[in-house]
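Please examine the structure shown below before reading the report. The sections that follow describe selected residues, helices, cores and a metal site in turn.

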Amino acid sequence: MRREELLDFADTVKGFMPRDEGLALHRAALEHEGTNATWLEVGAWCGKSAVYLGAAAQERGAVLYSLDHHHGSEENQAGWEHFDPTLVDPYDGRLNTLPTWQRTIADAQLEATVIGLIGPSTLIASHFDQPLELLFIDGGHGAQVAWADYHAWSPKVVAGGLMMIHDVFADPRDGGRPPYEIYLAALASGDFVESAQQGSLRVLTRN
Ligand code: SAH
Ligand code: MG
């Protein structure tokens with residue numbers, strides 16, 4: 001698919017990313033040199049951000065790992081704000097976004113660019129030695145999970161590489177704290193500088 005078709009398709013995928021933020025995600029990735037590069041997103045859900053990033057990866061010759069255990073975060077479970085009963089697997093009553101994610105990547109014809117990693121984020125990180133040219137953190141937003149993702153994955157980003165964080169809200173009335181806190185920690189560490197922002201998306205570059 002051409003770039004414009006892919007971006008229009010991404011907009012139709014189930015998820016929690018407004019189009020302007022998806023386009024900013026895509027643009028930041030596209031501006032980044034990517035030949036033979038390894039990119040990774042924490043938090044795949046139904047594949048929406050994977051299409052925005054994957055469209056850039058395909059053009060740049062990078063591979064995007066799209067990581068998720070596919071059973072949803074706390075806020076996706078029954079009784080919570082972001083619950084979608086159509087994503088429950090009748091076999092065991094658990095949320096399962098993997099079939100939808102697979103369909104998304106297949107429909108986008110990105111199966112040779114976007115590779116699923118299925119399992120718990122920090123366990124995978126502890127067995128993953130590949131340096132990352134691009135990291136997108138959009139997994140669990142609880143304090144423990146968000147900090148664990150930050151500590152596990154941010155050290156793998158190479159100098160000059162990008163670390164993007166989603167759902168960063170400076171005002172607590174707009175959303176939860178942990179993504180904002182890890183964003184502040186990344187800046188305070190002196191290892192990252194901010195290169196762009198759009199809505200709740202922050203784009204940082206490693207020094
Ligand atoms: N980036 C996606 C949205 C991700 S939603 C998009 O924009 O389309 C957050 C995802 O993080 C959920 O699918 C949930 O299953 C996953 N997640 C939460 N905690 C996780 C963990 N510890 N390991 C792996 N995946 C996790
Ligand atoms: Mg998000």
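## Thr104 and its contacts

Apart from neighbours within four places in sequence, Thr104 is in contact with Phe9, Val13, Cys46, Gly47 and Val51. Thr104 belongs to helix α4. In this predicted model, Thr104 has a relative accessibility of 6% and therefore counts as buried, since the cut-off for a buried residue is under 20% relative accessible area.

## Helix α1 and Leu7

Helix α1 comprises residues 3-12, and Leu6, Leu7, Phe9 and Ala10 are buried in it. Viewed down the axis of α1, these buried residues fall within an arc of 160°, so they line one face of the helix. This agrees with a general property of such helices: an α-helix has 3.6 residues a turn, so residues three or four places apart point the same way. The buried residues of α1 pack against α2 (19-30), α3 and α4 (98-107).

Leu7 is situated in helix α1. Its relative accessible area is 10%, so Leu7 is buried. When neighbours within four places in sequence are left aside, Leu7 is in contact with Arg19, Leu23, His26 and Tyr52. For one of these partners, His26, the C-alpha atom is separated from that of Leu7 by 8.6 Å, although the two residues are 19 residues apart along the chain.

## Helix α3 and Tyr52

How does the length of helix α3 (residues 48-60) agree with the span that its 13 residues should have at 1.5 Å a residue? The expected span is 18 Å and the end C-alpha atoms are 19 Å apart, which agrees. Helix α3 also bends by about 25° at Gly54. Just after α3, Gly61 takes a positive phi of about 80°.

Of the 13 residues of α3, 10 are buried, so the helix is largely enclosed by the rest of the structure. The buried residues are Lys48, Ser49, Ala50, Val51, Tyr52, Leu53, Gly54, Ala55, Ala56 and Ala57. Tyr52, which is found in α3, has a relative accessible area of 0% and is therefore buried. Not counting residues up to four places away in sequence, Tyr52 touches Leu7, Ala10, Asp11, Met17, Arg19, Gly22, Leu23, Leu25 and His26. The C-alpha atoms of Tyr52 and Gln198 are separated by 14 Å, and these residues lie 146 residues apart along the chain.

## The nonpolar cores

Which members of the largest nonpolar core touch the most other members? Of its 38 residues, they are Leu25, Trp39, Leu53 and Met164. At least two residues of this core are supplied by each of α1, α2, α3, α4, β6 (132-137), β7 (157-165) and β9 (201-206). The largest share, seven residues, comes from α3. Another core lies apart from this one; it has 23 residues, among them Leu40, Ile124, Trp153 and Val168.

Met164 illustrates the contacts of one member of the largest core. Residues up to four places away in sequence are not counted here, and Met164 touches Leu25, Ala28, Ala29, Leu53, Leu134, Leu135, Phe136, Ile137, Leu201, Arg202 and Val203.

## Helix α6

In helix α6 (residues 143-153), the buried residues include Ala146, Asp149, Tyr150 and Trp153. They cover an arc of only 95° around the axis, which puts them on the same side of α6. On the other side of α6, Gln144 and His151 are exposed. The cover over the buried residues of α6 includes β1 (38-42), β2 (63-68), α5 (121-126), β6, β7 and α7 (178-188).

## The magnesium site

Which residues coordinate the magnesium ion (ligand 2)? Asp138 is listed twice, each time through OD, together with His166 through ND1 and Asp167 through OD, at 2.2 to 2.8 Å. Along the chain, the donors of the magnesium ion follow the spacing D-x27-H-D.

Are His166 and Asp167 buried or exposed? His166 has a relative accessibility of 1% and therefore counts as buried. Asp167, at 15% relative accessibility, also counts as buried, because the cut-off is under 20%.

Technical notes: Residues are numbered from 1 along each chain as its sequence is written. Chains are lettered from A and ligands numbered from 1 in the order in which they are written. This is a predicted model: local features need pLDDT of at least 70, side-chain atom pairs count only at pLDDT 80 or more; totals for chains, interfaces and linings use all residues. Side-chain values use heavy atoms; hydrogens and water are left out. Donors are N, O and S atoms within 2.8 Å of the metal (3.2 Å for Na, K and Ca); water is not among the atoms, so sites may look incomplete. Buried means under 20% relative accessible area, exposed over 50%, partly exposed in between (1.4 Å probe, protein chains only). Helices (H or I, at least four residues) and strands (E, at least two) are DSSP runs, numbered from the N terminus. The expected span of a helix is 1.5 Å times one less than its number of residues. The bend at a residue is the angle between axes fitted to the seven residues ending there and the seven starting there. The arc is that of the directions from the helix axis to the C-beta atoms. Contact means heavy atoms within 4.5 Å. A nonpolar core is a set of buried Ala, Val, Leu, Ile, Met, Phe, Trp, Tyr and Cys residues joined through side-chain atoms within 4.5 Å.
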